[in-house]
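Subject: Structure for your review

Dear colleague,

Please find the structure below, together with its sequence. I would be grateful if you could read the notes that follow with the coordinates open.

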Amino acid sequence: MKVRPLDGQDFHSAAARIDDWFEDAGYEAIHPVFFHHFGGYAVEDDDGALAGFLIGFRSLRNGDIAYIHVIAIDPARRRQGIGTELYDRFEKQARVWNCYTIEAVAEPANTRAIAFHRQRGFKDRLVEGWGGPGIDRVVLQKSIQPEFRA
Ligand SMILES: CC(C)(COP(=O)(O)OP(=O)(O)OC[C@H]1O[C@@H](n2cnc3c(N)ncnc32)[C@H](O)[C@@H]1OP(=O)(O)O)[C@@H](O)C(=O)NCCC(=O)NCCS
């Protein structure tokens, strides 16, 4: 298993898998621009197959926040620490970016994702209308210590 930066080519593999890996995400959540110009990390098995990926970036509106847009792990590879490995990588990067907060958003019904974030120390709150009228979301935030600021 290898963790490496996400690249434009990963879009094709991710698009082919997203409906099976993250039923609520949908195609627009993994628009090609995220792979070509935002980035994140991919986990590859020894045969080169994608086992999971994370799209994450520093917020342009608020540079104190590093935002995780999508994480999705192959259902056959869950509970093996792959999500943890990807979050560890991203949190390390977020500290180098001098961010104070890591943020992610989940559907209220996604109890698996909420449990994953809680055990990593994320606090959650329901934000009504986060995704538009009637589209409530759980906003998950974790405080981190930036690497270069006191
Ligand atoms: C959420 C997700 C990314 C977790 O990835 P993963 O590789 O299985 O996570 P890990 O193996 O690193 O799990 C670490 C810990 O998180 C918690 N956790 C993970 N999945 C869980 C589940 N289904 N139920 C309860 N707790 C869970 C556990 O504490 C787990 O530790 P343990 O296995 O020793 O008990 C994965 O389930 C996934 O891809 N889900 C579909 C897409 C999705 O919902 N993405 C999140 C959007 S916000």
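The notes below take the sheet, the nonpolar core, the ligand surroundings and one residue of a helix in turn.

Please bear in mind throughout that this is a predicted model.

The sheet

Seven strands make up an open sheet with mixed pairing, and their order is 1-2-3-4-5-7-6. Strand 1 (2-5) and strand 6 are the edge strands, each pairing on one side only. From one strand to the next, the twist averages 25°.

Beginning at the strand 1 edge, strand 1 and strand 2 are antiparallel and share four bridges; R4 has A42 in strand 2 as its bridge partner. Strand 3 and strand 4 are likewise paired in the antiparallel sense, over seven bridges. These two strands form a hairpin, with six residues between them. Within this pairing, R58 is matched with A66 in strand 4 as its bridge partner.

A66 also stands opposite I102 in strand 5. Strand 4 and strand 5 run parallel and are joined by four bridges. Strand 5 then pairs with strand 7 in the antiparallel sense over six bridges, and V105 stands opposite V139 of strand 7. At the strand 6 edge, strand 6 (residues 123-127) and strand 7 are antiparallel over five bridges, with K123 opposite Q141 in strand 7.

Helix 1 lies across strand 2, strand 3 and strand 4, and runs at about 105° to strand 3.

The nonpolar core

The largest nonpolar core has 30 residues, of which Y41, F53, L54, I68, L86 and F90 touch the most other members. At least two residues of this core come from each of helix 1 (10-21), helix 2 (32-38), strand 2 (40-44), strand 3 (50-58), strand 4, helix 3, strand 5 and strand 7 (137-143). Strand 4 gives the most to this core, namely six residues.

L54 is a convenient residue from which to inspect the region. Apart from its neighbours within four places in sequence, L54 is in contact with G40, Y41, I68, I71, L86 and F90.

The ligand surroundings

Which residues are closest to the ligand? The shell around the ligand has 19 residues, and R78, G83, T84, A113 and A115 are the closest. By type, the shell divides into ten nonpolar, six polar and three charged residues.

Strand 4 (65-73), helix 3 (82-96), strand 5 (101-106) and helix 4 (111-119) each supply at least two residues of this shell. Helix 4 gives the most, with five residues. Strand 4, helix 3 and strand 5 thus appear both in the shell around the ligand and among the elements that each supply at least two residues of the largest nonpolar core.

A residue of helix 3

Is K92, which lies in helix 3, buried or exposed? K92 counts as exposed because 11 C-beta neighbours lie inside 10 Å, and the cut-off for an exposed residue is 12 or fewer. K92 and P146 are 54 residues apart in sequence, and their C-alpha atoms are 9.2 Å apart in space.

With kind regards

Conventions
Residues are numbered from 1 along each chain as its sequence is written. This is a predicted model: local features need pLDDT of at least 70, side-chain atom pairs count only at pLDDT 80 or more; totals for chains, interfaces and linings use all residues. A residue is near a molecule or strand if its C-beta atom, placed from the backbone, lies within 6 Å of it. Ala, Val, Leu, Ile, Met, Phe, Trp, Tyr, Cys and Pro count as nonpolar, Asp, Glu, Lys and Arg as charged, and the others, Gly among them, as polar. A nonpolar core is a set of buried Ala, Val, Leu, Ile, Met, Phe, Trp, Tyr and Cys residues joined through C-beta atoms within 7 Å. A residue is buried if 20 or more other C-beta atoms lie within 10 Å of its own, exposed if 12 or fewer, and partly exposed in between; C-beta atoms are placed from the backbone. Two residues are in contact if their C-beta atoms, placed from the backbone, lie within 7 Å. Two strands pair if DSSP finds at least two bridges between them. Axes are lines fitted to C-alpha atoms, for helices over the stretch in contact, and angles run from 0 to 180 degrees between N-to-C directions.
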